Amino acid sequence: MIGLYSPGTSFVHRAPTLLKLFLLSLCVLVIGISPDPRLIGGAFLAVVVLFVVARVPVQAAVAQIAPILLVLLVAVPIQGLLSGWTVAALTASRLLVAVALAALFTMTTTVTAVLEAFQILLRPFHRFIDADRVGLLVALTIRCIPLVSDIVREVFEARTARGTRGSLQSIAVPVVVRSLYAADALGEALIARGLDD
Amino acid sequence: MSSIRFEQVSQSFGDRSVLRDVNLTLDGHRIGIVGANGSGKSTLVRMINGLVTPTSGTVTVDGQNVARHAREVRRKVGFIFTNPDSQIVMPTVQEDVAFTLRRRGLNAEQIAERTAAALKQFGLSEHAEQAAHRLSGGQKQLLALAAVFVAQPATIVADEPTTLLDARNARRISEQWQALPQQLIVVTHHLHLVEEFDRVIVIEEGEVVADGMPAHSLAAYRALLA
């Protein structure tokens with residue numbers, strides 16, 4: 001979700017987030033338990049059509065799905081030898097369709113929309129859970145991933161620039177210290193923006 | 001425009017005294033604050049937003065004591081930090097600007113309308129759905145400005161907002177300032193940015209050593225540096 005959102009106005013983009021979440025869960029469940037290869041094949045075709053309708057850039061879509069292909073490259077031969085090639089093919093197809101559906105969801109849904117959906121889902125539990133706070137927590141977690149990754153990159157660059165290799169400690173200490181400073185600054189920014197309660 | 005008053009304000013961090021008996025009234029349209037590193041200027045402006053509470057003395061905004069009414073004051077006073085990366089909270093540009101309007105009793109349509117207007121004003125409309133962390137340094141600072149501006153505060157305080165920017169982006173930020181109707185209080189090391197302001201205050205070792213028209217205050221500051 002960190003910059004994965006692919007802007008658009010298709011019906012896939014405009015569909016209510018809760019509906020998309022429900023359909024995603026339902027599809028993954030049905031595909032997961034169905035032994036019918038025709039159903040999985042149909043689901044695969046449907047996902048391809050949805051990607052085309054949503055006009056998600058091919059390169060971005062492939063980048064989302066490629067990691068699972070690498071996993072399957074190792075897992076399918078092992079499962080094929082142990083449980084048979086039909087089972088291996090079915091498992092691989094199920095995983096591929098599930099990951100493609102999840103990728104389609106993240107690429108056509110903004111973080112704000114997901115947070116709002118979670119807030120609606122958590123509303124019945126408002127006595128025990130502050131949905132707004134949970135939403136903020138999720139947003140900050142997502143935001144902090146590129147922030148920390150930038151810090152790690154800069155620490156590595158600084159180490160390279162100084163021509164040193166150093167130990168794990170020489171990387172961990174500046175990363176942790178800078179992350180704490182960044183967290184402090186982010187906290188101040190939240191206060192300044194009126195989210196201090 | 002807000003009337004900001006510092007009365008007998010002092011601030012210490014441990015044994016180190018950062019501000020000493022500061023008495024000031026900030027009620028002009030555009031006010032610059034300059035001073036050497038560690039002079040206390042950032043601490044001074046952070047007090048306006050309640051990010052720092054004075055060790056002694058009081059800071060008031062339109063008569064409201066910031067220490068006691070911080071939340072109300074923050075609705076009037078927006079704050080821009082040196083590093084825009086520290087103040088980006090949401091993943092996309094549009095979402096980050098809209099984030100400021102949370103808990104302000106606005107409906108989704110009003111939030112979308114005001115967000116779009118702020119993005120347009122700061123030339124970020126075409127980046128609305130881009131990942132905020134992938135913007136350039138100048139665009140990030142414009143985003144920070146838009147995220148503060150969208151709340152329509154009476155006063156915008158900026159703590160060295162151009163320090164991390166190149167000359168072109170610093171000029172872009174400066175041009176945006178000129179157009180803002182809000183009261184603007186800017187801490188900076190880039191003296192040319194405040195030359196056209198209404199008033200410039202010089203802080204040295206926790207005290208106000210010059211306060212007046214830019215030409216007068218900047219000459220005093222340059223003399224200090226010489």
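Here are a few numbered notes on this two-chain model, which is predicted.

1. Let's start with the overall make-up of chain A. Chain A has eight helices and zero strands, so its order from the N terminus reads simply α-α-α-α-α-α-α-α. An automatic or database assignment splits the chain into domain 1, residues 11-109, and domain 2, residues 124-192. The C-alpha centres of these two domains of chain A are 32 Å apart.

2. The dimensions of chain A are worth a look beside that domain split. Its radius of gyration is 21 Å, whereas a compact globule of 197 residues would have a value near 16 Å. Along the principal axes, the C-alpha trace of chain A spans about 55 × 50 × 35 Å. Buried residues account for 16% of the 197 residues in chain A. As for contacts in chain A between residues at least 6 apart in sequence, 72% join residues at least 24 apart.

3. Chain B has another make-up: seven helices and 10 strands. The radius of gyration of chain B is 17 Å, close to the 17 Å that the globule rule gives for 226 residues, so chain B is as compact as a globular protein of that length. The C-alpha atoms of chain B fill a box of roughly 45 × 40 × 30 Å along the principal axes. Of the 226 residues in chain B, 49% are buried. Among contacts in chain B with a separation of 6 or more, 65% come from residues 24 or more positions apart.

4. Now to the place where the chains meet. The contact takes 23 residues from chain B and 25 residues from chain A. On the chain B side, the elements that give two or more residues are α2 (70-76) and α3 (93-99) of chain B. The largest share of that side, three residues, comes from α2(B). By residue type, the side of chain B that touches chain A divides into nine nonpolar, seven polar and seven charged residues.

5. Helix α7 of chain B (residues 214-225) makes a nice small check on geometry. At 1.5 Å a residue, its 12 residues should span 16 Å, and the end C-alpha atoms are 16 Å apart, which agrees. The buried residues of α7(B) are Ser217(B), Leu218(B) and Tyr221(B). These buried residues cover an arc of only 95 degrees around the axis, which puts them on the same side of α7(B). The face turned away from that buried side carries the exposed residues Ala215(B), Arg222(B) and Ala223(B). Among what covers the buried residues of α7(B) are three strands of chain B: β3 (30-35), β9 (199-204) and β10 (207-212).

6. Two backbone angles may catch your eye. Most residues other than glycine have a negative phi. Arg55(A), however, has a positive phi, near 55 degrees. Arg55(A) sits in the loop between α3 (37-53) and α4 (58-83) of chain A. With 14 other C-beta atoms within 10 Å, Arg55(A) is partly exposed.

7. The other case is in chain B. Phi of Gln152(B) is near 50 degrees, again a positive value in a residue other than glycine. Gln152(B) is found in the loop between α5 (137-149) and β7 (155-159) of chain B. Gln152(B) counts as partly exposed, because it has 16 C-beta neighbours inside 10 Å.

How values were computed:
Residues are numbered from 1 along each chain as its sequence is written. Chains are lettered from A and ligands numbered from 1 in the order in which they are written. This is a predicted model: local features need pLDDT of at least 70, side-chain atom pairs count only at pLDDT 80 or more; totals for chains, interfaces and linings use all residues. Helices (H or I, at least four residues) and strands (E, at least two) are DSSP runs, numbered from the N terminus. The expected span of a helix is 1.5 Å times one less than its number of residues. A residue is buried if 20 or more other C-beta atoms lie within 10 Å of its own, exposed if 12 or fewer, and partly exposed in between; C-beta atoms are placed from the backbone. The arc is that of the directions from the helix axis to the C-beta atoms. Two residues are in contact if their C-beta atoms, placed from the backbone, lie within 7 Å. Ala, Val, Leu, Ile, Met, Phe, Trp, Tyr, Cys and Pro count as nonpolar, Asp, Glu, Lys and Arg as charged, and the others, Gly among them, as polar. The radius of gyration is taken over C-alpha atoms; the globule rule is 2.2 Å times the number of residues to the power 0.38.
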